[in-house]
Amino acid sequence: MKRNYYLDSFRGFTIISMVLFHLAYNINYYRPISWYDGTTFNRIWQLSIALSFFLISGISSSLLPSDKNIKRGIKTSIIGFAITISTYIFAKDQLIVWGVLNGLGLSMIIAGLIQKSWKIPPYFAIIFLLVFIGTYNIPRFSLAGIGIFDYLYENNIFILGFPSSGFTSTDYFPIIPWIFAYLSGLGTGNYLKEKNLSKGSDNTLAKIGRFSMPIYLAHQIILYPLVSFFLS
């Protein structure tokens, strides 16, 4: 399969945005930044990064057979669990439980299973995106006080999107709402395939995008000690 350089460029732009976001996060830890901590700008920036990753990965899934998506999801999930174990051992104050790689990994597996029996129509991309928006606040207890949902929250079904009040994680991407963002990307990918849109040309952003996973895994290992050295 030939690479889609537009997709690689989008991924490259997003990974750069993520690195800059975490750089600001680290600096803010030592020297509070007025425009960063707890602001609307912060929340929009963070959401734009996460949503982009799920859409990009969903589009990528449309270019792969179902079995490969399932295998890709298993590998991504394993890395996600490794990050959980690493933060538990070395940085409990930054513990990650069901972070972005676990969310992406399970989404890949679900997408692969769906692909076996159903090709998501392109117009479903909009429907899934609207469902994502409608369910976005479920992990923030928006359904608390409603019978069965209270049971789910109280029993800490955090993987599904119903964390208990005592659940904590510095990075958290449950099935609800994030599977809907992923499936929106899958539907978008099916649309792009139908239209046979140009794959673009290679460029610096595309090259960076092809190394998004190692950059994701390594960036905080590099950034945090550097910021700590200069600002602590």
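## Exercises on two cavities

In this predicted model, the second largest cavity is lined by Gly80, Ile83, Ile96, Gly99, Val100, Leu101, Asn102, Asp171 and Tyr216. Let's work from there.

**Exercise 1.** Find which elements give two or more residues to the lining of the second largest cavity, and which of them gives the most.

*Solution.* Start with the elements: helix 3 (66-90) and helix 4 each give two or more residues to this lining. Then look at the shares: helix 4 gives the most, with three residues.

**Exercise 2.** Sort the lining of the second largest cavity by class, and give the volume of this cavity.

*Solution.* By class, the lining splits into five nonpolar, three polar and one charged residues. Asp counts as charged, and Asp171 is on the lining list. As for the volume, it is about 40 Å³.

**Exercise 3.** Now turn to the largest cavity: state its volume, and say which residues line it.

*Solution.* First, the volume is about 50 Å³. Next, the lining consists of Trp98, Asn102, Gly103, Leu106, Ser107, Ile110, Phe173, Pro174, Ile175, Trp178 and Ile179. Helix 4 (100-115) and helix 7 (175-195) are the elements that give two or more residues here. Of these, helix 4 provides the largest share, five residues. Finally, the classes: eight lining residues are nonpolar, three are polar and none is charged.

**Exercise 4.** How many cavities of 30 Å³ or more does a search of the whole structure find?

*Solution.* The search finds two. Asn102 is a good residue to look at last: Asn102 lines the largest cavity and also appears in the lining of the second largest.

Note on methods
Residues numbered from 1 in each chain as written. Predicted model: local features only at pLDDT ≥ 70, side-chain atom pairs only at ≥ 80, totals over all residues. Heavy atoms only, no water. 1 Å grid on protein atoms, 1.4 Å probe; cavity = no way out; pocket = protein on both sides within 12 Å on 5 of 7 lines; lining within 4 Å. Points joined across faces, edges and corners; volume = space filled by probe spheres on them. Helix = DSSP H or I, 4+ residues; strand = E, 2+ residues; numbered from the N terminus.
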